[in-house]
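Colleague: Got a minute to go through this model with me? I'd like to ask about a few spots and hear how you read them.

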Amino acid sequence: MTKAGNWQSYERVLLPPVENLHHLDVYRAHGGYETLKRVLKELEPQEVTAQMKRSGLRGRGGAGFPTGLKWSFMPPVKPDVPRYLCCNADESEPGTFKDRQLMEYNPHLLFEGILIACYAMSLNACYLYVRGEYASWITHLEEELAKMYNANLAGKNMLGTGHCMDIVLHKGAGAYICGEETSLMESLEGKRAYPRIKPPFPAQSGIWGYPTTINNVETLACAPLILGKGADWFAGIGAEKNPGPLLYGISGHVNRPGVYEYPTGMLITDLLEIAGGMRGSKKLKALVPGGASVPVLRADMIEGVTMDVESLREAGSMLGTAGMLFLDEDTDMVAFLRRVAHFYHHESCGQCTPCREGTGWMENLITRIDDGEGNLRDLDLLLDLCDQMEGRTVCALADAAAWPVRNTIKRFREDFERRCRPAVWAVNA
Amino acid sequence: MADFIRNPVVALPDPNPESYFSEEELIFTEDEKARIAGWVSQYPTSDGAVMWTLWLAQEKFGFLPPEVLQLVAAELSLPYAQVYGVATFYTQYFKEKKGTFVLDVCTCFSCQFCGGYDILAYLEEKLEVKRGHTSACGRYTLQEAECLGACGSAPMMQVNNGPYAHNLTPEKIDELLEAMEAGKPLPFVSVTLPQDEDEMGGNRRTDAEAVEGYITPPRSERTQ
Ligand SMILES: Cc1cc2nc3c(=O)[nH]c(=O)nc-3n(C[C@H](O)[C@H](O)[C@H](O)COP(=O)(O)O)c2cc1C
Ligand code: SF4
Ligand code: FES
């Protein structure tokens with residue numbers, strides 16, 4: 001028995017197999033928005049937050065911060081001080097594509113979650129920040145949002161309760177850094193998306209300086225489930241310390257890539273099997289378990305490892321966004337790392353010197369090794385560079401760039417050494 | 001005067017840039033003004049509406065030269081510098097003229113190892129244009145993109161900042177380009193597939209094969 005329990009008979013709740021669930025009428029026919037109505041009528045806002053705490057839900061945006069706790073950080077309501085919710089749908093972490101699936105197939109679950117969060121924290125508006133590349137899905141969300149307003153499920157005096165809760169769509173324009181919470185806020189305010197120094201944290205000073213909470217799409221979509229089916233039900237799914245349903249985005253050299261919904265704490269080997277195994281019956285070489293920023297695992301490191309915060313930490317990686325990239329035995333890890341470094345160099349906002357220059361030098365050094373012109377000492381130089389970047393910048397992008405570099409070199413050192421010029425030249429060569 | 005003031009290290013923007021659009025063209029219609037006002041009303045200050053307005057301007061004018069940025073700034077009563085700053089920060093705002101079709105081929109890591117660079121090379125050859133450039137006929141701009149959030153259907157690309165084309169193969173690209181040439185709607189849908197496509201009548205990729213080695217080395221070019 002794994003942490004995921006009896007996952008073979010798991011019934012999907014985030015992406016249930018219901019046709020046209022994205023239409024408001026279908027969603028309502030399946031009991032949609034009933035939880036919201038009940039919550040508005042029967043529960044006090046603090047009770048909602050307490051339920052969220054009890055459920056044990058941890059944020060699905062990458063950092064894994066307990067959601068109920070985050071909600072309780074909001075300061076007490078003051079008259080005339082607006083407060084906001086931000087939904088982070090900027091999903092740009094390479095290897096991650098779960099939020100889009102959720103917005104495509106079950107957008108009303110997200111909207112319901114947003115409204116519950118607004119109620120729990122006494123907020124009047126939520127900005128839903130969607131990355132600009134998702135233009136087709138923004139149109140899709142706009143249509144469904146309009147239907148909601150027509151049905152008085154949002155806006156002024158929603159559902160006749162006297163509350164006013166607005167959901168505003170914001171379209172990004174292609175910048176990975178906007179996923180970072182403070183950068184997202186700058187972007188919303190119509191500025192260049194430079195991350196801010198924390199503290200002050202968003203709960204004290206967020207958008208336009210007002211108290212703000214920011215959550216990922218999947219996190220908010222869990223709220224109606226928790227309040228509808230009970231915090232204990234939620235806490236009973238999957239891994240004990242990191243419970244709930246989880247969207248696993250599986251990509252790479254597998255037969256059936258895609259988004260799979262299962263409990264947290266699934267064995268990696270089970271997931272590989274679910275995804276149809278490796279293409280062409282090749283052997284697994286490496287796995288990136290949670291998006292480009294998390295340390296890569298060697299095939300021999302995944303035995304018995306489950307997909308939850310604890311187990312992956314013990315294995316030497318992180319859960320991140322649960323976007324899993326499987327790589328087969330033919331994968332060139334140097335080319336892999338070169339592309340990852342290229343990504344971070346391209347996406348660094350340029351505010352901090354260690355990140356702006358560091359990611360550039362990282363790419364240069366790895367490119368040199370990949371082109372066969374690297375020296376063995378370049379590997380140590382790269383590791384030294386990682387030390388110089390980590391923890392010395394405004395936001396975590398520099399750390400996110402350093403982790404994969406450090407760990408790929410450590411864990412696939414032979415692959416790199418083979419491509420480098422030897423340290424000592426033969427005398428008579 | 002210090003030397004770096006006379007000879008700045010970085011190229012400064014041209015103070016008198018060439019204008020692409022005439023005075024008459026450079027206006028927002030009443031309709032568009034109403035849409036902009038709608039966006040402005042959703043934020044505490046008009047700053048928040050700048051990204052939506054830039055999107056609108058890009059749709060209308062095709063790209064965002066300085067005079068269009070000035071128009072946006074005037075409409076929102078914001079400093080030109082702020083609008084210029086925003087427009088130059090984000091990759092999806094085009095600062096120079098692009099082809100009729102802008103093809104963003106994802107080559108980020110999932111796509112990289114599922115043949116993204118092969119797709120890019122195939123398009124380079126077929127359209128006779130290098131990545132990052134516009135073809136001589138002015139119809140196609142080919143770009144290398146970072147992860148577009150569709151790694152499960154790699155390799156993929158995005159057309160004109162809009163629809164996605166998933167699970168690309170050379171045949172699929174031929175079909176796509178034919179439709180574009182003929183001015184027909186693109187022969188595919190952006191929708192990705194749910195977990196149980198059999199139940200849902202989806203079409204998850206069945207032709208996935210082991211990549212036996214790449215025709216094109218899966219390598220990014222050094223950023224300049
Ligand atoms: C460089 C960087 C990029 C990020 N990108 C995203 C993203 O695309 N989507 C997301 O939900 N969170 C992203 N995050 C995490 C957010 O900062 C934030 O922790 C998260 O949205 C909080 O939501 P949660 O508590 O629901 O997980 C990113 C963080 C960093 C440092
Ligand atoms: S760490 Fe990098 S991305 Fe983050 S603020 Fe500094 S320069 Fe920008
Ligand atoms: S890597 Fe290409 S879409 Fe994510």
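Colleague: Let's start with B:Gln158: buried or exposed?

Modeller: Keep in mind that this is a predicted model. The cut-off for buried is under 20% relative accessible area. B:Gln158 has a relative accessible area of 1%, so the call is buried.

Colleague: Which strand holds B:Gln158, and which strand does that one join through 3 bridges?

Modeller: B:Gln158 sits in strand E4 of chain B, residues 157–159. In that strand, B:Val159 is the bridge partner of B:Leu103. The 3 bridges run antiparallel and lead from E4(B) to strand E1 of chain B, residues 101–106.

Colleague: And which residue of chain A has its backbone oxygen 2.8 Å from a polar side-chain atom of B:Gln158?

Modeller: Within chain B, the side chain of B:Gln158 reaches the backbone oxygen of B:Gly162 at 3.1 Å. Across to chain A, the backbone oxygen at 2.8 Å belongs to A:Glu133.

Colleague: Zooming out in chain B, which strands are at the edges of the sheet?

Modeller: The sheet is open and mixed, with 5 strands in the order E2-E3-E1-E4-E5. Each edge strand pairs on one side only, and in chain B those are E2 (133–134) and E5 (164–165).

Colleague: Over to chain A. What radius of gyration does chain A have?

Modeller: The C-alpha trace of chain A spans about 90 × 45 × 35 Å along its principal axes. Buried residues make up 64% of its 429 residues. For that many residues, a compact globule would come out near 22 Å, and chain A agrees with 23 Å.

Colleague: How many helices and strands does chain A have, and in what order do the strands of its 5-strand open sheet run?

Modeller: Chain A comes to 17 helices and 9 strands. E5 (residues 245–252) and E9 (residues 323–328) run parallel, joined by 4 bridges, and A:Ser251 in that pairing faces A:Leu325 of E9(A). The pairing in the sheet is mixed, and the order is E6-E5-E9-E7-E8.

Colleague: Why do E6 and E8 of chain A each have one side without a neighbour in that sheet?

Modeller: Strand E6 covers 258–263 and strand E8 covers 297–298. Each is left with a free side in the sheet because it stands at an edge, with a single partner strand.

Colleague: Now the ligand. Which strand gives the most residues to the shell around ligand 1?

Modeller: The shell has 17 residues, with A:Gly61, A:Lys70, A:Asn88, A:Asn216 and A:Thr219 the closest. By class, 3 are nonpolar, 8 polar and 6 charged. The biggest share is 3 residues, from strand E4 (residues 212–216) of chain A.

Colleague: How much of the accessible area of ligand 1 does the protein cover?

Modeller: Look at the polar contacts to ligand oxygens: a backbone N or O of A:Arg60 lies at 3.3 Å, and one of A:Glu91 at 3.4 Å. A:Thr219 puts a polar side-chain atom 2.7 Å from an oxygen of the ligand. Of the 620 Å² that ligand 1 has on its own, the protein covers 90%.

Colleague: Back to E4(A): how many of its residues are buried?

Modeller: Strand E4(A) pairs in the parallel sense with strand E1 (residues 84–89) of chain A over 5 bridges, including one between A:Cys86 and A:Ile214. Both faces are covered, with A:Thr212, A:Ile214 and A:Asn216 buried on one side and A:Thr213 and A:Asn215 on the other. The strand is largely enclosed by the rest of the structure, because the count is 5 of 5.

Colleague: Which peptide bonds in the loop before E4(A) are cis?

Modeller: A:Pro199 lies in the loop between helix H8 (181–188) and E4 of chain A, and so does A:Pro200. Omega is about -5 degrees for the cis bond A:Lys198 to A:Pro199. With omega about 5 degrees, there is also a cis bond from A:Pro199 to A:Pro200.

Colleague: Last one: A:Asn152 has a positive phi, so how accessible is A:Asn152?

Modeller: Phi is near 60 degrees there, in a residue other than glycine. A:Asn152 sits in the loop between helix H7 (135–150) and strand E3 (166–171) of chain A. A:Asn152 counts as partly exposed, with a relative accessible area of 29%.

Definitions and conventions: Residues are numbered from 1 along each chain as its sequence is written. Chains are lettered from A and ligands numbered from 1 in the order in which they are written. This is a predicted model: local features need pLDDT of at least 70, side-chain atom pairs count only at pLDDT 80 or more; totals for chains, interfaces and linings use all residues. Side-chain values use heavy atoms; hydrogens and water are left out. Two strands pair if DSSP finds at least two bridges between them. Helices (H or I, at least four residues) and strands (E, at least two) are DSSP runs, numbered from the N terminus. A residue is near a molecule or strand if one of its heavy atoms lies within 4 Å of it. A polar contact is a pair of N or O atoms within 3.5 Å; within protein, one must be able to donate a hydrogen and the other to accept it, and residues adjacent in sequence count only if both atoms are side-chain atoms. Accessible areas come from the Shrake-Rupley method with a 1.4 Å probe; for residues, only the protein chains shown count as cover. Ala, Val, Leu, Ile, Met, Phe, Trp, Tyr, Cys and Pro count as nonpolar, Asp, Glu, Lys and Arg as charged, and the others, Gly among them, as polar. The radius of gyration is taken over C-alpha atoms; the globule rule is 2.2 Å times the number of residues to the power 0.38. Buried means under 20% relative accessible area, exposed over 50%, partly exposed in between (1.4 Å probe, protein chains only).
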